[in-house]
Amino acid sequence: MKFSDLKLLLLLGVISLFFMQHTIQKYSVDYGEVVEQYKKPIKYWPEPSIDSGISWKEFEAIDWDSNYYDTQELPEVMLGKKLFFDPKLSSSSQISCSSCHNPELGWSDGQEVALGNDHLQGKRNTQSLYNIAERKSFFWDGRSRTLEEQLIGPISAHNEMDMKPEKLAGKLSKIKEYRQLFKDVYHTNKITFDKIASALATFQRTIRSQPSKLDKFIGGDYKAMSDKEIYGMHLFRTKARCMNCHYGKYLSDESFHNIGLTYYKREYEDLGLYHITKNPKDVGKFKTPSLRDLMYTAPWMHNGLMDDMHGIVNLYNSGMQMINPAPEEKKADPNFPVTDPLMKPLHLNEQETDAIVAFLKSMSGSYYKMPRPEIPRK
């Protein structure tokens, strides 16, 4: 090799090193100053960036339920648990509530949409049952106001369990063990659908998230979360605007929003809340899901079409404004969906997106998987 060639190689190496260092400096994040603002009681944290009119609540830690195992031994809970895992609640005796709400899969099913009776598919993603006792409405479109009322839907739907509620009581009444269990709980061996619904709802209300790294951090264990996760939490609360909808103990406003995934007049069209209210303002609105134990419940969104959390954050990063109609389009078609004004371009860079995803992962801490009970046979 000639000396001039060697000099050229060295020069190229120096230039390459310069650009590498420049790139690292450009995209590296100094978490230090921001992180230190959060390593103190939550009342001293920086205020989140919230739009006018939003009645938000501060984050709140959850604690491990010290009475959990005792609660699971209560007669009505035990009865509800057996019913929940029993496929005899379906017309085919092949599908139970746990077919779509599997404790091994975050009380969801790991599929885009639910698969039910005769292998018929639903249209929406199965929601997790974590912390279901705290919800104010049920289903993606909020059409049920109580858990007992909600139960009628999946039990009776032809593409889910396909069981007529009025026939279910008679089916279970033929089983001696169930007659005794109902007598133990309700002091009568007469089985009714209302009692079935009550037991199922009572059991489901015991399904709660366990404390995550986020909860430990809020409780004062400032080593529970990494600096990257803490920085992601800061972005979640500020630049990423997430706390406009995801706040409080269960990280949901329990409200409905159109985030731009209506697929209006296309293959995956779903008008959401509009199907219930028939109000054009509700076209494309779906309930804000809780972010608790998020990483156990993929795929996500009301239609289950998203299975990559970075992709979801990038979706919000875009602002989803490109699908809003022009005034003349809305006038010609009142049902043309309008994206919620809370959706705005976020201008997050790759490192910020990655930090937010790290924070979202820190909310998942439910490691206990409930074992399946013995099912009454005769």
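I take buried to mean under 20% relative accessible area. The model is predicted, and I kept that in mind for every entry.

**Entry 1: aromatic rings**

I began with Tyr 38 and Trp 45, and both are buried. I then counted ring pairs and arrived at 21 aromatic pairs. Tyr 38 and Trp 45 make one of them, an edge-to-face pair with 5.1 Å centre to centre and 70° between the planes. I followed the ring pairs outward from there and found that they link Tyr 38 and Trp 45 with Phe 217 and Tyr 222 in a cluster.

**Entry 2: Ser 128**

Next I looked up Ser 128, which sits in the loop between helix H4 (75-85) and H5. Is Ser 128 buried or exposed? I put Ser 128 down as buried, because its relative accessibility is 13% and the cut-off is under 20%.

I checked what the side chain of Ser 128 reaches. One of its polar atoms lies 2.7 Å from the backbone oxygen of Gly 106. The side chain of Ser 128 also reaches the backbone nitrogen of Tyr 130, at 3.1 Å. Leaving out residues up to four places away in sequence, I listed Gly 106, Trp 107, Ser 108, Arg 135 and Thr 297 as the residues that Ser 128 touches.

**Entry 3: helix H12**

I turned to H12, residues 309-318. Which of its residues are buried? I noted Met 309, Ile 312, Val 313, Leu 315 and Asn 317. Helix H14 (350-361) is included in what covers these buried residues.

I looked at both ends of H12. At the N-terminal end, Asp 308 acts as the cap, with a side-chain oxygen 3.2 Å from the backbone nitrogen of His 310. After H12 comes Gly 319, and I read a positive phi for Gly 319, near 85°.

**Entry 4: the cavity**

I searched for enclosed space and found 1 cavity of 30 Å³ or more. The volume of the largest cavity is about 990 Å³. I counted 50 residues in its lining, and those closest to the centre are His 246, Thr 288, Pro 289, Leu 291 and Tyr 316. Strand S2 (286-287), H12 and H14 are the elements that give two or more residues to this lining. H12 gives the most, with 4 residues. Sorted by class, I have 27 nonpolar, 15 polar and 8 charged residues in the lining of the largest cavity.

**Entry 5: the pockets**

I moved on to open space. The largest pocket holds about 650 Å³. Of its 33 lining residues, I noted His 101, Phe 139, Gln 150, Pro 154 and Glu 160 as the closest to the centre. Which helix gives the most to this lining? I found that helix H5 (residues 147-156) does, with 4 residues. The lining of the largest pocket divides into 14 nonpolar, 12 polar and 7 charged residues.

I also looked up the second largest pocket, which has a volume of about 330 Å³. I counted 16 residues in its lining, and the closest to its centre are Lys 57, Glu 134, Tyr 250, Ser 252 and Glu 254. By class, I have 3 nonpolar, 4 polar and 9 charged residues lining the second largest pocket.

Notes:
Residues are numbered from 1 along each chain as its sequence is written. This is a predicted model: local features need pLDDT of at least 70, side-chain atom pairs count only at pLDDT 80 or more; totals for chains, interfaces and linings use all residues. Side-chain values use heavy atoms; hydrogens and water are left out. Buried means under 20% relative accessible area, exposed over 50%, partly exposed in between (1.4 Å probe, protein chains only). Contact means heavy atoms within 4.5 Å. A polar contact is a pair of N or O atoms within 3.5 Å; within protein, one must be able to donate a hydrogen and the other to accept it, and residues adjacent in sequence count only if both atoms are side-chain atoms. On a 1 Å grid over the protein atoms alone, a cavity is a set of points where a 1.4 Å probe fits but cannot get out, and a pocket is an open set with protein on both sides within 12 Å along at least five of seven lines; lining residues have an atom within 4 Å of a point. Grid points are joined across faces, edges and corners, and a volume is the space filled by probe spheres set on the points. Ala, Val, Leu, Ile, Met, Phe, Trp, Tyr, Cys and Pro count as nonpolar, Asp, Glu, Lys and Arg as charged, and the others, Gly among them, as polar. Rings of Phe, Tyr and Trp (its six-membered ring) pair if their centres lie within 6.5 Å; planes under 30 degrees apart count as stacked, over 60 as edge-to-face and the rest as tilted.
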